[in-house]
Amino acid sequence: MTGAAPYYITTPIYYVNDKPHIGHAYTTIACDALARFMRLDGRRVKFLTGTDEHGQKVAKSARDAGIAPQEFCDRVSQNFREMTALMNISNDDFIRTTEKRHIRASQAIWQDLVKRGEIYLGRFAGWYSVRDEAFYEEDELAAGPGGVKRAPSGAEVEWVEEENYFFRLSAWQDRLLAFYDANPDFIAPRARRNEVVSFVKSGLRDLSVSRTSFSWGVPVPGDPKHVMYVWLDALTNYLTAVGYPDVESTEFSTFWPADLHMVGKDILRFHAVYWPAFLMAAGLAPPKRVFAHGWWTVEGEKMSKSLGNFIPPAQLVDEYGVDAVRYFLLRELPFGSDGDFSRHAVVGRINSDLANDLGNLAQRVLSMINKNCAAAVPQPGPLGAADEALLAASRGLLPRLRVDFAEQAFHRGLEAIWQVVADGNRYVDEQAPWTLAKTDRPRMQTVLYVLAEAIRQIAILVQPVVPAAAARLLDQLAVPQDARDFAALAANPLQPGTALPKPEGVFPRHLVEGVPEKGGAKGGKGA
Ligand code: MSP
């Protein structure tokens, strides 16, 4: 155990202008795997997700839909709540920025920043992208088709001139750089950290933090013709959920600063530059880490409304099952890199890793036990070198996984587990328990015990990624509910003689014409 240190992890809060797609599911699944891992490792976890409901973009989507913004938000936010249930997400809270608790927190941080002299009234003239909800400098823009100016994200920008409140971001440049220096793991992956550091080094201008040309937002305290800039409002959600402005509360002192904000690479600047500056300016500690993951394309194309290639998570779950989708998303790419989502790659990966490698191993071993050991955990005799080697390999996984999960290297952790699955498959072939069934039954029992015990270890360790399938495997090994955490890996080995239920396959195969069993996406660009 790494001790009972609390662990606070957050997803970005999702804009309610759109329906959930696999990009959103990806961020949330990654956080869920971490939240589950830390809980199993004995930590007290708070896992937060939710929806970002204010701002010009949401107001416009509501207008386009012909309904009042609040009603629109209620409807779309519900879609995201359903996505979390569908993806078997274990969040402890779901925040909406239109909730009272959040409006209170946003106004409180605003008032505190004003009191500390960090916010002043001025006049803004510059470029704004509604799609990105971001301000851009002239030199960041490029001319797109027809000479229209575009943000680096490709989004259109518009010229805005209005009375705005400003946050003294420029004054935080050196302190931000000093903070990055003192906290080399604050931004990951490393390549992204370097980008942020050079952005800050290139100079920071004060940031407009209020708008007057629309009203769908948190009213600025004392000056209600302004609403707060949606990013200041949105980022504050991470504080709201731990009880801010009540900084004396147990919740706040237990969980703040957050251990990890997981974000996509497109919103790193808000989390790694503006957010720590706002927090330090308000006398609060910045989060411990921000990880920026990569982006998925679909069958080689960027997901876009015009291409109509958004994949709703529900469709994937229908086709492949929730665990297979979770496994694919976390295994296929080095976490942090961009990659391509293709049905070919999904089916290849599911068939080879889940159905063939782990599914087959478990199925072979459990059915042999069922048939040859009176459906009970076999009694092992003395262990030989090969037996000890397989058990040692499975027991050696936890310390490795702790490192991999602390670095958000899910693909590496899963690869390590599947090496042990491969060891298990090699061991079955070498030991040939089906032959031992005829020639040496005591030895057969030992071999089957060693295999079942290795499968127990593996099933416990894959719970963060494939929770439902892992639970079914553990049920088939009759592992009690209270012996499924990481402490049980060493403390609760299988007890010979325990009756086992009838085995059944846990990972179905997917047959798609023309898709070979060993698949793989062409991913790997980026970090
Ligand atoms: N509302 C802001 C976040 C505020 S956090 C204080 C926002 N919302 S979003 O709905 O547009 O995006 C949420 C997350 O989904 C981002 O982390 C983004 O990177 C991720 N993804 C959106 N499309 C994606 C892909 N195609 N691939 C991977 N992740 C993607 O930004």
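User: What makes the pair formed by the side chains of aspartate 338 and lysine 265 a polar contact?

Analyst: In this predicted model, the side chains of aspartate 338 and lysine 265 are joined at 2.8 Å, and because a polar contact requires a pair of N or O atoms within 3.5 Å, the value of 2.8 Å meets the cut-off. The side chain of aspartate 338 also reaches the backbone nitrogen of tryptophan 295, at 2.7 Å, and that distance can be set against the cut-off of 3.5 Å as well.

User: Where is the place of aspartate 338, and how do you know whether aspartate 338 counts as buried or exposed?

Analyst: Aspartate 338 has its place in strand E17, which covers residues 337-341. Its relative accessibility is 13%, and because buried means under 20%, aspartate 338 counts as buried.

User: What makes a residue part of the surroundings of the ligand, and how many residues surround the ligand?

Analyst: A residue is counted if one of its heavy atoms lies within 4 Å of the molecule, and 24 residues surround the ligand, the closest being Ile13, Asp52, Gly264, Asp266 and Trp296. This shell divides into 13 nonpolar, nine polar and two charged residues. Among the elements that each supply at least two residues of the shell are helix H1 (22-40) and strand E14 (260-264).

User: Which atoms of glycine 264 and aspartate 266 lie at short range from the ligand, and at what distance?

Analyst: For glycine 264, a backbone N or O atom lies 2.8 Å from an oxygen atom of the ligand, while for aspartate 266 an N or O atom in the side chain is 2.6 Å from a ligand oxygen. On its own the ligand has 670 Å² of accessible area, and the protein covers 95% of that area.

User: Why is the aromatic pair of tyrosine 14 and phenylalanine 80 called stacked?

Analyst: A search of the whole structure finds 32 aromatic pairs, and one of them is formed by tyrosine 14 and phenylalanine 80, with 5.3 Å centre to centre and 5 degrees between the planes. Ring centres must lie within 6.5 Å to pair, and planes under 30 degrees apart count as stacked, so both values lead to the name stacked. Tyrosine 14 lies in strand E2 and phenylalanine 80 in helix H3 (residues 69-86), so their pair ties together parts that are 66 residues apart in sequence. Tyrosine 14 and phenylalanine 80 are both buried.

User: How do you know whether cysteine 31 and cysteine 73 are buried or exposed, and how many disulfides does a search of the whole structure find?

Analyst: Cysteine 31 has a relative accessibility of 0% and cysteine 73 a relative accessible area of 0%, and because buried means under 20%, cysteine 31 counts as buried and cysteine 73 is buried too. A disulfide would need a pair of cysteine sulfur atoms within 2.5 Å, and the search finds zero disulfides.

User: What is notable in the backbone at glutamate 299, and why does glutamate 299 count as buried, exposed or something in between?

Analyst: Phi of glutamate 299 is near 45 degrees, a positive value in a residue other than glycine, whereas most residues other than glycine have a negative phi. Glutamate 299 lies in the loop between strand E16 (296-298) and helix H11 (313-320). Its relative accessibility is 44%, and since buried means under 20% and exposed over 50%, glutamate 299 counts as partly exposed.

Conventions. Residues are numbered from 1 along each chain as its sequence is written. This is a predicted model: local features need pLDDT of at least 70, side-chain atom pairs count only at pLDDT 80 or more; totals for chains, interfaces and linings use all residues. Side-chain values use heavy atoms; hydrogens and water are left out. Buried means under 20% relative accessible area, exposed over 50%, partly exposed in between (1.4 Å probe, protein chains only). Helices (H or I, at least four residues) and strands (E, at least two) are DSSP runs, numbered from the N terminus. A polar contact is a pair of N or O atoms within 3.5 Å; within protein, one must be able to donate a hydrogen and the other to accept it, and residues adjacent in sequence count only if both atoms are side-chain atoms. Accessible areas come from the Shrake-Rupley method with a 1.4 Å probe; for residues, only the protein chains shown count as cover. Ala, Val, Leu, Ile, Met, Phe, Trp, Tyr, Cys and Pro count as nonpolar, Asp, Glu, Lys and Arg as charged, and the others, Gly among them, as polar. Rings of Phe, Tyr and Trp (its six-membered ring) pair if their centres lie within 6.5 Å; planes under 30 degrees apart count as stacked, over 60 as edge-to-face and the rest as tilted.
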